[in-house]
Amino acid sequence: MTTESALRVLLGGALIGLAAAIALIAHGRIAGISGTLGRALDGDDDDGRPVRLAFLVGLVATGVIGAQLVPGAFGANVAGIAQLAIAGLLVGVGTTLGNGCTSGHGVCGISRGSRRSFVAVAVFMATAMVTATIRGAL
Amino acid sequence: MKLVLAAIAGALFAIGLLISDMTSPGRIVAFLDVGTAWDPTLMFVMAGAIGVYAPVAWIARKRPRPLFARAFHWPEATTIDLPLLGGAMIFGVGWGLSGFCPGPALVAAGTGRIDTLVFVATMIAGIVALRLVRR
């Protein structure tokens, strides 16, 4: 880790915080990506759907533009296609069952001092670290 | 205005993920793999995000309503239950295997790489399937 990379990463984090702050102040929404995606897809509530879809369009469109402008920001995938398919399923099921991911629990929940989010983050960080460490050792 | 602001928030979120290397699965795995060459830099993503969001959330708590909606949608659950614990465990395993959590995966889908799109597709399938079951 260099000071330069730590500062860049800190700035990136601050932008994520700013984006989540806009979602809260403007729309009264928690900017958790798994929940935003799930509720946008099944549309079981309400007036919030257009706002969620607009947020997701901004997110994905920036990915499309970013892939052209800064392709290096994406790096290589670390797993084969079969492992990615399984991992995707686990991430989808796990974040829906646990009601949140790195953004909803990790950023928004911890910032609010939510006990559930502190527990969720401790658990998913622990299992992610164990999984990645075993994976790295194999 | 309301929708434009939401799209801007989504774009800022993605830019934040891009410049903090969150869209690079190799960097995520280097952070999660504490075995050989642990790279703790990604701690700063959370520090930066919480540093900005926490004071805003604190102020929002005291306000009656957001700018463009009738009310704040604060999460209501407070109990530490089995779905929370089990879900977090399952999510962690998927994250550790792939280096992708939902936000970065959606941004990385912009590359159009087939294996990344497969991850996003099964992630969405998992989300939709569980939401249908839970209904």
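In this predicted model, the cavity count comes to one cavity of 30 Å³ or more. The largest cavity holds about 50 Å³ of space. Both chains contribute to its lining, which is made by His27(A), Arg29(A), Asp47(A), Gly48(A) and Val51(A) together with Lys2(B), Phe68(B) and Ala69(B). By class, this lining comprises three nonpolar, two polar and three charged residues.

Two of the residues that line the cavity, Val51(A) and Lys2(B), also appear in a helix contact between the chains, that of α3(A) with α1(B). Helix α3 of chain A covers residues 49-69 and helix α1 of chain B covers residues 2-19; their axes come within 7 Å and cross at roughly 40°. The angle therefore makes α3(A) oblique to α1(B). The crossing in which α3(A) passes α1(B) is right-handed. On the side of α3(A), the contact is made by Pro50(A), Val51(A), Ala54(A), Phe55(A), Gly58(A), Leu59(A), Thr62(A) and Gly66(A), and these meet Lys2(B), Leu3(B), Ala6(B), Ala7(B), Ala9(B), Gly10(B), Ala11(B), Phe13(B), Ala14(B), Ile15(B) and Leu18(B) of α1(B). The residues of this contact divide into 14 nonpolar, four polar and one charged.

Chain B, which supplies α1 to this contact, has six helices and zero strands. Its pattern along the sequence is α-α-α-α-α-α. The C-alpha trace of chain B spans about 50 × 35 × 30 Å along its principal axes.

A further contact between the chains joins helix α4 of chain A (residues 81-97) and helix α4 of chain B (residues 82-98), which pack at an angle of about 155° with their axes 7 Å apart. Angles over 145 degrees count as roughly antiparallel, and α4(A) and α4(B) are therefore roughly antiparallel to each other. Their crossing is left-handed. From α4(A) the contact draws on Gln83(A), Leu84(A), Ala87(A), Leu90(A), Val91(A), Gly94(A), Thr95(A) and Leu97(A); from α4(B) the participants include Pro83(B), Leu84(B), Ile90(B), Phe91(B), Val93(B) and Trp95(B). The class totals for the contact of α4(A) with α4(B) are 13 nonpolar, seven polar and no charged residues.

Open pockets were also examined. The largest pocket has a volume of about 940 Å³. Its lining consists of 39 residues, of which Ile30(A), Arg39(A), Asn99(A), His73(B) and Pro75(B) are the closest to the pocket centre. At least two lining residues each come from α1 (3-27), α2 (33-42), α3, α4, α5 (102-112) and α6 (115-137) of chain A, and from α1 and α6 (114-134) of chain B. Helix α5(A) gives the most to this lining, with five residues. By class, the lining of the largest pocket divides into 11 nonpolar, 17 polar and 11 charged residues.

The second largest pocket has a volume of about 330 Å³. Among the 22 residues that line this pocket, Thr102(A), Met22(B), Val45(B), Met46(B) and Trp95(B) are the closest to its centre. Trp95(B) is also one of the residues of α4(B) in the contact with α4(A). Two or more residues of the second lining are given by each of α5 and α6 of chain A and by α1, α3 (43-61) and α5 (102-108) of chain B. The lining of the second largest pocket comprises 18 nonpolar, four polar and no charged residues.

Key:
Residues numbered from 1 in each chain as written. Chains lettered and ligands numbered in written order. Predicted model: local features only at pLDDT ≥ 70, side-chain atom pairs only at ≥ 80, totals over all residues. Heavy atoms only, no water. Axes fitted to C-alpha atoms, helices over the stretch in contact; angles between N-to-C directions. Helix = DSSP H or I, 4+ residues; strand = E, 2+ residues; numbered from the N terminus. Parallel < 35°, antiparallel > 145°, perpendicular 65-115°, else oblique. Left-handed = near helix turned anticlockwise from the far one by under 90°. Contact = heavy atoms within 4.5 Å. Nonpolar A, V, L, I, M, F, W, Y, C, P; charged D, E, K, R; others polar. 1 Å grid on protein atoms, 1.4 Å probe; cavity = no way out; pocket = protein on both sides within 12 Å on 5 of 7 lines; lining within 4 Å. Points joined across faces, edges and corners; volume = space filled by probe spheres on them.
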